[in-house]
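Trainee: I'd like to learn how to read the symmetry and packing here. Where do we start?

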Number of protein chains: 2
Amino acid sequence: MILWLNGALLPAEAARIDPADRGLTLGDGVFETIRVQGGQAMHLARHLARLRAGAAVLGIPTGWSDMALGQAIAAVTKAAGLVDAAARLTLTRGPAPRGVLPPSEPHPTVLITAGALPPPAPPACAVIAASTRRNQDSPLSRIKSLNYLDNIIARREAAARGADDAILLDTRGHVAEATVASLFVVLDETILTPPLADGAMPGITRARLLAAGLAQERTLLPEDLSRARAGFLTNSLGLRALARIENRVFDPDHPALSDVWRWWETDLPPRP
Amino acid sequence: MILWLNGALLPAEAARIDPADRGLTLGDGVFETIRVQGGQAMHLARHLARLRAGAAVLGIPTGWSDMALGQAIAAVTKAAGLVDAAARLTLTRGPAPRGVLPPSEPHPTVLITAGALPPPAPPACAVIAASTRRNQDSPLSRIKSLNYLDNIIARREAAARGADDAILLDTRGHVAEATVASLFVVLDETILTPPLADGAMPGITRARLLAAGLAQERTLLPEDLSRARAGFLTNSLGLRALARIENRVFDPDHPALSDVWRWWETDLPPRP
């Protein structure tokens, strides 16, 4: 695999990640997963704005221009022999001596990789995670940081319970999101998604659905999920219908979902 | 620097961390910081038990015996030309393809480094972090994981406010711990520390102080800190008196602290 590391395009085997990189030692960084379609990084400006906003919360400088990063994503995708791809851009604070306080002059690491887009998945069976909660009182709930263990714990719980994904609650019991996706449910004929204040990550597809007027933010409780008619998950790679959450069976062909599916398709660039 | 990586002792420049290591991409791992004194890793069995307990929560296999890891710490310390040292043992889930769900057969990464012990520090001025909270409802609050960003955010806040450290509260407003240390305060002539249920990491020095009968667990609120007479921080590298928390000035020479300091000294192996 060819990747892009701090300005160089090189084979993964030749890429040197410093064992003292704070991304490795402390999860000190942020990342983006970006859909590349027809060679084009979709909504790149939004992704890079979110990356920079997250880095600003952590005080990590972002030395590369949007243009340079866009070109790097295109180069990595092309080197992988892909036209459609899932690209990942990781920014860490870079190597540093022992200690939690960041160095005053960090040398951040920027790493870009690309792989095949995951194939469309059938409607998902989800459980409500009992193993952990989102922390709505941490700024980390609102940035896409490398601290992904709560979601990993919930995803492992889902697998152990025979489900495809898990819905995380915040510490107050409000519904937040799924492990790698924003959650939407159809309730009272409206498509609803939890507000950021309830521990939902500010997903880019989520923001676009809200801006398109197709969905609204509202605090959701587990009992709301158990009376919803339908639901779906979104992230930057795509949409996925929900077949059920816990014992509540959803309608994967609900008309509200058709509108959203049509909206998603019209956003994609025309096939060559 | 010489480090130990998956069984090999080698220069840091020659160590290869895979760019797909989940420790780097998702903070998927645990670590220990261990005091080495007179060439001896202090309380090694406790550290390795905690590491293994944390790895079990995450489902990361730990393939190395306590003896092998102890020998590795000794070898790294010796290669650094040190007799007293701060050793760090990092265990990640290892490299994996994209995705949050862990691979069914992981190949974990074990990395050991050693550096000089930090010099004794003067009494610390601490603030109460306003920037983030500990998540008492996540199992991560009770394991020493690579997801360290909340503590980094709080430590940066402390530095920005001219303080040495920050005290983190949990999402309910209970006092939890400092950014790299357990917190103890002298209140009503008793030495108190927050219970694990309030988001305190199960520190090894903390557990030993409790077992020695020198301190007790009790839920603490910020107002308790503002009427405490004295306080101190502990981690595996040592103790540090508190000079103040916010506006409350502490007595760094309080007799209760002398008892604790004496207890710490008697635990260390005799100087050669």
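Mentor: Start with the superposition: copies are laid on each other by least squares on the C-alpha atoms of residues with pLDDT of at least 70 in both. The model is predicted, so local features need pLDDT of at least 70 and side-chain atom pairs 80 or more, while totals for chains, interfaces and linings use all residues. Residues are numbered from 1 along each chain as its sequence is written, chains are lettered from A in the order written, and side-chain values use heavy atoms, without hydrogens and water.

Trainee: What turn and shift lay chain A on chain B?

Mentor: Two copies of a chain are related by a rotation about an axis and a shift along it. Here a turn of 180° and a shift of 0.0 Å along the axis lay chain A on chain B, with an RMSD of 0.0 Å. That is why we speak of a two-fold axis. Both copies use the same surface: 100% of the contact residues of chain A recur in chain B.

Trainee: How many residues of chain A are in contact with chain B?

Mentor: Contact means heavy atoms within 4.5 Å. By that rule, 55 residues of chain A touch 55 residues of chain B.

Trainee: And how much area do chain A and chain B bury between them?

Mentor: Interface size is often given as the accessible area lost when the parts come together. With a 1.4 Å probe and the loss summed over both parts, chain A and chain B bury about 4,300 Å², 65% of it on carbon and sulfur atoms.

Trainee: How many salt bridges does the rule find across the interface of chain A and chain B?

Mentor: The rule wants a side-chain nitrogen of Lys or Arg within 4 Å of a carboxyl oxygen of Asp or Glu. Across the interface of chain A and chain B it finds 0.

Notes:
Buried area is the accessible area (1.4 Å probe) that two parts lose on being put together, summed over both.
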